[in-house]
Amino acid sequence: DRLKISIKVFIIWTLAFVGTKFFNGLIKAPSHSIYIFPFENNIPYIPEFFPIYFLAVPLVILPLFLIKNKNIFNQMVKAYLITIITTIVILLIYPIKLVRPLVEGTGIYYSTIQFFYKILPAYTIFPSLHMSLMMLSSLYIRKENKKLGNILLISTLIIAISILLVKTHYLIDLIVGFILSLIVYKIVSKWKIITYQKSKEP
């Protein structure tokens, strides 16, 4: 059951990530304004950080297999789904286009980046699903294994920096994604307490 649930969560995340981009591109959704910090223009574009950026995928998915406690696992799945659904709604209501940098360089590595730039419409995901799901992953792992959770939190920070360096998000995307993850984490925790109290009532 856990394996099936984990696979379903991964599929939902992937469809949310890719599907909303294609949908907004298909309907040619108008781009809304977004706050860009003044110093962001000075952040260099370093496409060599894409491998670190893609580490977000195992960081989000692996905890679904690592967490042994059933209650923590269920909380995590609920938090993931609430976050994904919330983000999709925001994306459809308030789409934002991303100004992509010019990819310079030759070889299969840079050609692959250019290929994905061509097939994926340039809509950013606000708030950042990468950031919110990585944070939730770290927080729930930390509930079961504090040391491993702290390592994942540090990894989340490093990947967040790589996200800025490969220019797939604006900083505000990451900040709001971070805030969203904390809100959802608290909501699901409260939800668990309320559910437990009701089950205790005669």
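**Figure 1. Eight helices and two strands make up the secondary structure of the chain in this predicted model.** From the N terminus onward, the elements follow the order α-α-α-α-β-α-β-α-α-α. The radius of gyration is 18 Å, close to the 17 Å that the globule rule gives for 202 residues, so the chain is as compact as a globular protein of that length. Along the principal axes, the C-alpha atoms occupy a box of roughly 65 × 35 × 35 Å.

**Figure 2. Burial, contacts and surface of the whole chain.** Buried residues make up 43% of the 202 in the chain. Among contacts with a separation of 6 or more, 86% join residues that lie 24 or more positions apart. The exposed area of the chain is about 11500 Å², and 71% of this area comes from carbon and sulfur atoms. The chain carries 21 positive and 7 negative charges, and the mean positions of these two sets are 8 Å apart.

**Figure 3. S128 in the loop between β2 and α6.** Strand β2 covers residues 123-124, and helix α6 covers residues 129-144. Is S128 buried or exposed? The relative accessible area of S128 is 0%, and buried means under 20%, so S128 counts as buried.

**Figure 4. Polar contacts of the S128 side chain with backbone nitrogens.** One contact runs from the side chain of S128 to the backbone nitrogen of H130, at 3.4 Å. In the other, a polar atom of the S128 side chain lies 3.1 Å from the backbone nitrogen of M131.

**Figure 5. Residues that S128 touches beyond its sequence neighbours.** Which residues does S128 touch when those up to four places away in sequence are not counted? They are H169, D173, L174 and G177. Of these, D173, L174 and G177 fall within helix α8, which covers residues 171-200.

**Figure 6. K186 in helix α8.** Helix α8, residues 171-200, holds K186. The relative accessibility of K186 is 56%, and exposed means over 50%, so K186 counts as exposed. How far from the C-alpha atom of K186 is that of A79? The separation of the two C-alpha atoms is 9.4 Å, although K186 and A79 are 107 residues apart along the chain.

Notes
Residues numbered from 1 in each chain as written. Predicted model: local features only at pLDDT ≥ 70, side-chain atom pairs only at ≥ 80, totals over all residues. Heavy atoms only, no water. Helix = DSSP H or I, 4+ residues; strand = E, 2+ residues; numbered from the N terminus. Rg over C-alpha atoms; globule rule 2.2 N^0.38 Å. Buried < 20%, exposed > 50% of the residue type's maximum accessible area, 1.4 Å probe, protein only. Contact = heavy atoms within 4.5 Å. Areas by Shrake-Rupley, 256 points an atom, 1.4 Å probe, with all protein chains shown as cover. Lys, Arg positive; Asp, Glu negative; His and termini not counted. Charge placed at Lys NZ, Arg CZ, Asp CG, Glu CD. Polar contact = N/O pair within 3.5 Å; in protein donor to acceptor, adjacent residues only side chain to side chain.
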